[in-house]
Amino acid sequence: MKASGGANATYIPYLAKVSALLCGVCAVMPDGKVFEAGDTRFGFAIESISKVFTMALVMEQRGAETVRAKIGARSTGLPFNSVLALEIHGAKPLSPLVNAGAIAAVSLVQASDREDRWAKILEMQSRFAGAPIALSAEINESEQATNLHNRAIACFCDPLEALDVYTRQCSTLVSCFNLATMAATLANHGVNPLTGISVVKRQNVPHILAEMVMEGLYDTSGDWAFEVGLPGKSGVGGGIMAVAPGKLGIAGFAPPLDSYGNSVRA
């Protein structure tokens, strides 16, 4: 995999203006030890990495088998925002880590209304990070103004209310340290190593990691699995996290992306 080149995402105005020089890497161990270098405390847009934690929330509420039955557990073989994939597969997304499946996952969160659903998703991100995660109004405004493609996907399979909450979940600010802690929570069988809090049931962790292997790095998920061999998830905000079960959670951050939407340096 390349270690230089790439360019910031430009289709979301906020992402285009983040410094391309930022770069950091952080690892968190199950015993709580932290190793970090570079810009590990800079807050950036979580973007698609958020899909992992909403998927985890739905598994906690409804069970892993419900996620597989209602959304799927297969690679689409097409880009993460593909409408064609929905048409080919009869409106079924196949994975909660592609956009259509992630919007569907939001709609499956058990909640009393839209704001309660959003609060539960934000709380899950914070529990994984072991720290308060907050919505960036600037990122959310930038995302909401440019999500026409996702609106088309939402109209195809799910209500626009779910799209609103999905867009918000992608617009929270995390640091490389936050992401490494979130990954370490999965590496530690669902227990946050910094807070000692059980965030997800141990039996759900293998299902979460399996989905990450299949669709975690967009079109390059197979190459990532072949070359790196760890469940991972990337986002167009420049972050990537990976999980070595029982060993560590690791995250990298650098805004320039390759043509598939993965951070080149991270």
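How many helices and strands make up the secondary structure of the protein? In this predicted model, the secondary structure comes to 12 helices and 8 strands. The protein has 266 residues, of which 55% count as buried. The exposed surface is about 10600 Å², and carbon and sulfur atoms supply 57% of that area. Among contacts with a separation of 6 or more, 66% join residues 24 or more positions apart.

Strands of a sheet pair through backbone hydrogen bonds, in either a parallel or an antiparallel sense. One open sheet in the model is formed by 5 strands, with antiparallel pairing and the order 2-1-8-7-6. The edges of this sheet are strand 2 (34-38) and strand 6 (232-234); each has a single partner strand, so one side of each is left without a neighbour in the sheet. From one strand to the next, the twist averages 10°. Within this sheet, strand 1 (residues 24-28) pairs with strand 2 in the antiparallel sense over 5 bridges. A27 has F35 in strand 2 as its bridge partner.

A further open sheet consists of 3 strands in the order 3-5-4, again with antiparallel pairing. Here strand 3 (44-45) and strand 4 (134-135) occupy the edges, and because each has a single partner strand, one side of each is left without a neighbour in the sheet. The pairing of strand 3 with strand 5 (residues 172-174) is antiparallel and extends over 2 bridges. In this pairing, A45 stands opposite L173 of strand 5.

In soluble globular proteins, nonpolar side chains tend to be buried together. The largest nonpolar core of the model contains 66 residues, and the members that touch the most other members are V52, F53, F128, L186, M212 and M241. Helix 10 (residues 176-187) contributes 9 residues to this core, the largest share. The surroundings of V52 can be given in detail. When residues up to four places away in sequence are not counted, V52 touches L97, L186, I208, M212, K233 and M241. Among these contacts of V52 are L186, M212 and M241, which are also listed with V52 among the core residues that touch the most other members. By residue number, L186 falls in helix 10 (residues 176-187), and K233, another contact of V52, falls in the edge strand 6 (232-234) of the sheet with the order 2-1-8-7-6.

Conventions. Residues numbered from 1 in each chain as written. Predicted model: local features only at pLDDT ≥ 70, side-chain atom pairs only at ≥ 80, totals over all residues. Heavy atoms only, no water. Pairing = 2+ DSSP bridges. Helix = DSSP H or I, 4+ residues; strand = E, 2+ residues; numbered from the N terminus. Core = buried A, V, L, I, M, F, W, Y, C linked by side-chain atoms within 4.5 Å. Buried < 20%, exposed > 50% of the residue type's maximum accessible area, 1.4 Å probe, protein only. Contact = heavy atoms within 4.5 Å. Areas by Shrake-Rupley, 256 points an atom, 1.4 Å probe, with all protein chains shown as cover. Axes fitted to C-alpha atoms, helices over the stretch in contact; angles between N-to-C directions.
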